[in-house]
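Here is a quick tour of aromatic contacts, strand pairing and the nonpolar core. Have the structure open as you read.

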Amino acid sequence: MNFFEYRKENGVELEETIYENGYIKIIRIVSSGETTDYMESPMNEHVFLIQGKARITFENDKEIEMFAGDYILIEKNTRHRVSYTSSDPHCLWHCIYEKV
């Protein structure tokens with residue numbers, strides 16, 4: 001598997017589980033202009049933006065701009081949403097969910 005090789009349809013975010021057990025889940029996400037509703041996870045989220053630009057907005061209106069190479073830890077049960085993703089280039093995410 002090559003992390004940079006993927007087939008993405010326009011307007012549809014691609015999410016692929018790379019590995020999962022009872023304590024950890026590793027996923028690859030490819031987005032291109034897609035955003036999300038508010039969400040929260042019962043697990044810590046280690047979010048790496050490998051390619052592209054993005055913005056994560058938290059429930060308290062705090063926003064974090066992300067660029068290729070940036071990392072953020074979103075602690076469990078923290079309400080947040082992806083409010084912007086670049087389309088040229090696509091956003092390529094590597095996310096690790098950790099049960100704590």
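## Strand pairing around E8

Phe48 has His94 as its bridge partner in E8. Keep in mind that we're looking at a predicted model here. That bridge sits within a longer run: E3 and E8 pair in the antiparallel sense over 7 bridges.

E8 also pairs with E2. Strand E2 (residues 24-31) and strand E8 (residues 91-98) run antiparallel, with 8 bridges joining them. For a handle on the register, look at Lys25, whose bridge partner in E8 is Tyr97.

## The aromatic pairs

How many aromatic pairs are there? The count comes to 2. One of them is Phe3 with Phe4, an edge-to-face pair with 6.3 Å centre to centre and 85° between the planes. Is Phe3 buried or exposed? Its relative accessibility is 19%, and the cut-off for buried is under 20%, so Phe3 counts as buried.

Then there's Phe48 again, this time with Tyr71. The ring centres of Phe48 and Tyr71 are 4.7 Å apart and the planes are at 40°, so this pair is tilted. This pair ties together distant parts of the chain: Phe48 belongs to strand E3 (residues 44-51) and Tyr71 to strand E6 (residues 71-74), 23 residues apart. As for accessibility, Phe48 is partly exposed at 28%, and Tyr71 is partly exposed too, with a relative accessible area of 41%.

## Charges over rings

Phe3 turns up once more, now with a charged neighbour. The charged end of Arg28 sits over the Phe3 ring, 5.8 Å from its centre. Arg28 falls in E2, which covers residues 24-31.

Which ring does the charged end of Arg81 sit over? That one is Tyr38, with the charged end of Arg81 placed 5.9 Å from the ring centre.

## The nonpolar core

Now for the inside. The largest nonpolar core has 16 residues, and those touching the most other members are Val47, Ile56, Met66, Ile72, Trp93 and Cys95. Several strands chip in: E2, E3, strand E4 (53-58), E6 and E8 each supply at least two residues of this core.

Which strand gives the most to this core? E8 does, with 4 residues. So E8 is worth a second look: besides that core contribution, E8 is joined to E2 by 8 bridges and to E3 by 7.

Technical notes:
Residues are numbered from 1 along each chain as its sequence is written. This is a predicted model: local features need pLDDT of at least 70, side-chain atom pairs count only at pLDDT 80 or more; totals for chains, interfaces and linings use all residues. Side-chain values use heavy atoms; hydrogens and water are left out. Rings of Phe, Tyr and Trp (its six-membered ring) pair if their centres lie within 6.5 Å; planes under 30 degrees apart count as stacked, over 60 as edge-to-face and the rest as tilted. Buried means under 20% relative accessible area, exposed over 50%, partly exposed in between (1.4 Å probe, protein chains only). A charge sits over a ring if NZ of Lys or CZ of Arg is within 6 Å of the ring centre and within 35 degrees of the ring normal. Two strands pair if DSSP finds at least two bridges between them. A nonpolar core is a set of buried Ala, Val, Leu, Ile, Met, Phe, Trp, Tyr and Cys residues joined through side-chain atoms within 4.5 Å.
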